[in-house]
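Subject: Structure handover

Hi,

Here is the model I promised to pass on. Please have a look first, and then read my notes below it.

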Amino acid sequence: MQICVYMKTVLVSCLFLFSCFGAAAQNFSLDTIFFEFDRFDLQPTNKQTLDSLIGDFTSYSSYFVQIFGHTDSIGSDQYNLELSRLRARAIALYLVDQGVDLKRIEYEGLGTTKPVGSNRTFRGRRMNRRADLAIVFADELAIPGRVDTTANNVVETPVEEPKDVPDTIYCDYNPFNVNPAKQTVIIAPKGATFVIASNTLQTDAEQVSVEVNELYDRKTMVQLAMPTLSKEGPLEAAGMVSLNVRDGRKIVNISTENPIEVTMPATRRDADMAAYSGTGGARGGRSRSRGASEQPPFKVVNGWNLESGIPVKYLGRERAYSFQMLKNGRFAIARPLYHSQDTGPDDLGVDIEVKFKGKVFPRTTKAMIIGERVKTYIPMKRKDKRSYSATNVKFVDPARTELVLFAVQYDDRGNPWVARRTFKVGEVVSKKKSSKGRPLVKMKLKYRKVSKSELDELLTDL
């Protein structure tokens, strides 16, 4: 029975991929790369497989590679569609790094629409966390979706590239070099774009080191304990990006007359979004917690300052926010939480206190108040071994705003323990006031031990 299911799966995949190419191909090859849960980075075994494939198809005078990314069904459809695209993109970038012509590669994310296994089982979900590679190779080949100009064997004279063509860099989150004398377009893994003009970076160096990062998803924000707080109160964030340019150890300044143009992808348009710059917080290195998987090196902030002189535009066709970056650092596109709640700027706020029961490992504990339907993250401060608090939580409608109190800690073996509760302030507010005279919410929560895969699923579901 298992063999029959497997053969049916391969047949369905082949028919789907053949339909993308038609009958023009003389030879066809299909291979699959599998990914870890909620990951899109390539493992050493994946790269060995790709290296072997490259050696096969580059021996032909003409070939074409199409990559389809897939996911299991855990998480929202929108999140999975983007994750599947990132999986396909990771393979495309690796092929380009190994010398494959970018013009002979296409990639697409299909999300959960083409499963090859049951999403009700662990084994089935593991089979669905994949990317399929369709490789067509022949002596003469018309690339799908492109006009074939080789029918009459006409050899065209190469056109000299104009001098003002910008350098385009598809980067990861590691530092890379840029020529400050040339216009450069930097495209980050999740879609943020940085356009640097030739006279933007104020340096005489022939090369500078650039490091970019971006932060959009709830899972990573919770793992990093990234706050969305300003002096006015909690923020509702659409996403965050960072950029640092250095000449050795020296920070390279950005021209205020010709700033960096930044666009950040957005799933929707919200009114009154503004640019905020991050202050203080962690410095250097990658942020890791005991037992937690490695995170992108987005450095956590203490808070966010409004940059009132930087206008934010929404590009409808591109579905993205744009703004001008005038300095190195971390930036968020956000607005005060009261814009989407039935409350106002004069809100007095509420104090929230929680006491954890069961085993506690306070050195590794991260406790947060999270907006259930908006990207709002408020870290809780430790009072003692078991007690944590968040004071002056503003712009929360007691009747309709749902919040999630989420805490995670790790024992000495790196096993995660989780405490979680969803609530509305009006349903759990105490009759007593806090010491500052604000409404008070007091709760007790007990930790439960979970596996690392269960923790990943809990974070993805937030």
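Let me start in the middle of a sheet: β8 and β15 run antiparallel and are joined by three bridges. Across that pairing, Val195 stands opposite Glu261 in β15. Helices (H or I, at least four residues) and strands (E, at least two) are DSSP runs here, numbered from the N terminus, and two strands pair if DSSP finds at least two bridges between them.

Before going on, some housekeeping. This is a predicted model, where local features need pLDDT of at least 70 and side-chain atom pairs count only at pLDDT 80 or more, while totals for chains, interfaces and linings use all residues. Residues are numbered from 1 along each chain as its sequence is written, and side-chain values use heavy atoms, with hydrogens and water left out.

**The sheet**

β8 and β15 belong to an open sheet of six strands in the order β5-β7-β8-β15-β19-β18, and the pairing is mixed. At its edges stand β5 (167–170) and β18 (313–315); each has a single partner strand, so one side of each is left without a neighbour in the sheet. Direction ignored, neighbouring strands are turned by 20 degrees against each other on average, with axes taken as lines fitted to C-alpha atoms (angles run from 0 to 180 degrees between N-to-C directions).

On one side of the β8–β15 pair, β7 (residues 184–187) meets β8 (residues 193–196) in the antiparallel sense over four bridges. Thr184 has Ile196 in β8 as its bridge partner. The two strands form a hairpin with five residues between them, and Gly191 in the turn has a positive phi of about 110 degrees.

β15 (residues 260–265) also pairs with β19 (residues 320–325), again antiparallel, over six bridges. Glu261 turns up here as well, standing opposite Gln324 in β19.

**Two buried residues**

Where does Ile333 sit? Its place is in strand β20 (residues 329–336). Ile333 counts as buried because its relative accessibility is 0% (buried means under 20% relative accessible area, exposed over 50%, partly exposed in between, with a 1.4 Å probe and protein chains only). Beyond its neighbours within four places in sequence, Ile333 is in contact (heavy atoms within 4.5 Å) with residues including Met264, Tyr321 and Phe323. Ile333 and Val241 are 92 residues apart in sequence, yet their C-alpha atoms are 8.9 Å apart in space.

His70 lies in the loop between β2 (62–69) and α3. His70 is buried too, with a relative accessible area of 1%. Its side chain makes a polar contact with the side chain of Asp132 at 3.1 Å; a polar contact is a pair of N or O atoms within 3.5 Å, where within protein one must be able to donate a hydrogen and the other to accept it, and residues adjacent in sequence count only if both atoms are side-chain atoms. Not counting residues up to four places away in sequence, His70 also touches Ser84, Arg87 and Leu110, among others.

**Helix α7 and the whole chain**

In α7 (residues 452–461), the buried residues are Leu455, Asp456, Leu458, Leu459 and Thr460. Their cover includes α3 (77–97), α5 (218–224), β26 (402–410), β27 (416–424) and β30 (448–449).

Overall, the chain has seven helices and 30 strands, and 47% of its 462 residues are buried. Of the contacts between residues at least 6 apart in sequence, 74% join residues at least 24 apart.

Best wishes
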